[in-house]
Amino acid sequence: MAVVPVAIAGRPYEVRIGAGLLADLVPQCAGRLRKRRVPVVTDANVHKAWGPVVDHALREGGHEPVWRILSPGEASKSWSELAATVDWLLAEEVERGDHVLALGGGVIGDLTGFAAAVLKRGCHFIQLPTSLLAQVDSSVGGKTAINSAAGKNLVGAFHQPALVLADLAVLDTLPERELRAGYAEVVKYGLLGDADFFAWCDNNAAGLLAGDAGCREYAVAHSVAAKARIVAEDEFETKGLRALLNLGHTFGHALEAQTGFSDRLLHGEAVAMGMVLAARYSARTGLMSGASAEHVARHIADAGLPAELSGLGLNCNGAALTAHMLHDKKMDAGKLPFVLMKGIGDAFLARDADLADVATFLDGELT
């Protein structure tokens, strides 16, 4: 088992990475499960695959799991599901010192974490991420949120988990599309600040996606360690450093909004396409070589992820996509910073991007 510390001032916690952690749930959570009844939030797909393991682990450890099972997908990150989850936790008499378990991917982690953040002004929660994307990204760092009509993740709070248990065994039951979508958040860490890790991805992506246990553990641990370093230095995204983790997300969130936050385009797929667009726009503005930008696009395509905007069938123009960007959380004094690249492994926050020029660029990519 690999253990990565997240050194948040006053609230440090661990991310534990290895196979079999869900079956060993109660010992892993030692000292945190104070009551016999333990609330677990999950979705129907995850409950079918891993609910019996968690249920058995809790009962063997002397606890009684109580389940809230949501519908899979982004639609569950809503006001109505947040309210229903909070009411359920209140009915379960969850106290501020209790720990709620979030068993699932990014949607479950975001919703449960936000519910924990507002319940009685904050109770504890433990992340049990069941997707590659959640293991390497959304379960770490304390960003919790729901979606609104205006856009993705616009209502939320910073609320750090008490513990993250990333059980690599769950990746064996993950649908191939979900696994590939999660890989986008792995390679992101190479592109934003670690050219050597991008080179590792070039050589090992196929093994990771095919099920190589060593590749998976290394990729998850390396990605978590990279995020932990950034989050520890810039927890609330006030220094600009944590904003680098949004590489591909400004373009990606616009694509998700255009497709109605539906399964037509998974979050990781949107981020993958967004990173290609960020690379190509960086090349367009002379920041990055065209060869490097196409290297990024080729890597994304070889991983089975979307790398050509024209292939998404969006039936819109660049102006429509940039209109979605106006709701981006990073908007500051009417300006939208973009995470762009000077090269592979050299991302930065550009505060002077012209949205009209971005729209023109996107028009070219759409045709």
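These legends go with three close-up views of a predicted model.

**View 1. Leu128 sits in strand S6.** Strand S6 covers residues 124-129, and Leu128 is part of this strand. Is Leu128 buried or exposed? Leu128 is buried, because its relative accessibility is 0%. Look around Leu128 for its contacts beyond the neighbours within four places in sequence: these are Leu22, Leu25, Leu101, Ala102, Leu103, Gly104 and Leu165.

**View 2. Cys201 is a cysteine without a disulfide partner.** Like any covalent link, this one needs two ends: a disulfide is a covalent bond between the sulfur atoms of two cysteines. Which cysteine has the sulfur closest to that of Cys201? That cysteine is Cys215, but the sulfur-to-sulfur distance is 9.8 Å, too far for a bond. A pair counts as a disulfide when the sulfur atoms are within 2.5 Å, and the count for this model comes to 0 disulfides. Cys201 is also buried, with a relative accessible area of 0%. To find your way from the first view to this one, note that Leu128 and Cys201 are 25 Å apart, C-alpha to C-alpha, and 73 residues apart in sequence.

**View 3. The largest cavity has a volume of about 30 Å³.** How many cavities of 30 Å³ or more does the structure hold? There is 1. Its lining is made by Asn246, Leu247, Gly248, His249, Thr250, Phe251, Ala278, Phe338 and Val339. Two or more of the lining residues come from each of helix H9 (249-258) and strand S10 (338-343), and H9 gives the most, with 3 residues. By type, the lining has 5 nonpolar residues, 4 polar ones and no charged ones.

Conventions. Residues are numbered from 1 along each chain as its sequence is written. This is a predicted model: local features need pLDDT of at least 70, side-chain atom pairs count only at pLDDT 80 or more; totals for chains, interfaces and linings use all residues. Side-chain values use heavy atoms; hydrogens and water are left out. Helices (H or I, at least four residues) and strands (E, at least two) are DSSP runs, numbered from the N terminus. Buried means under 20% relative accessible area, exposed over 50%, partly exposed in between (1.4 Å probe, protein chains only). Contact means heavy atoms within 4.5 Å. On a 1 Å grid over the protein atoms alone, a cavity is a set of points where a 1.4 Å probe fits but cannot get out, and a pocket is an open set with protein on both sides within 12 Å along at least five of seven lines; lining residues have an atom within 4 Å of a point. Grid points are joined across faces, edges and corners, and a volume is the space filled by probe spheres set on the points. Ala, Val, Leu, Ile, Met, Phe, Trp, Tyr, Cys and Pro count as nonpolar, Asp, Glu, Lys and Arg as charged, and the others, Gly among them, as polar.
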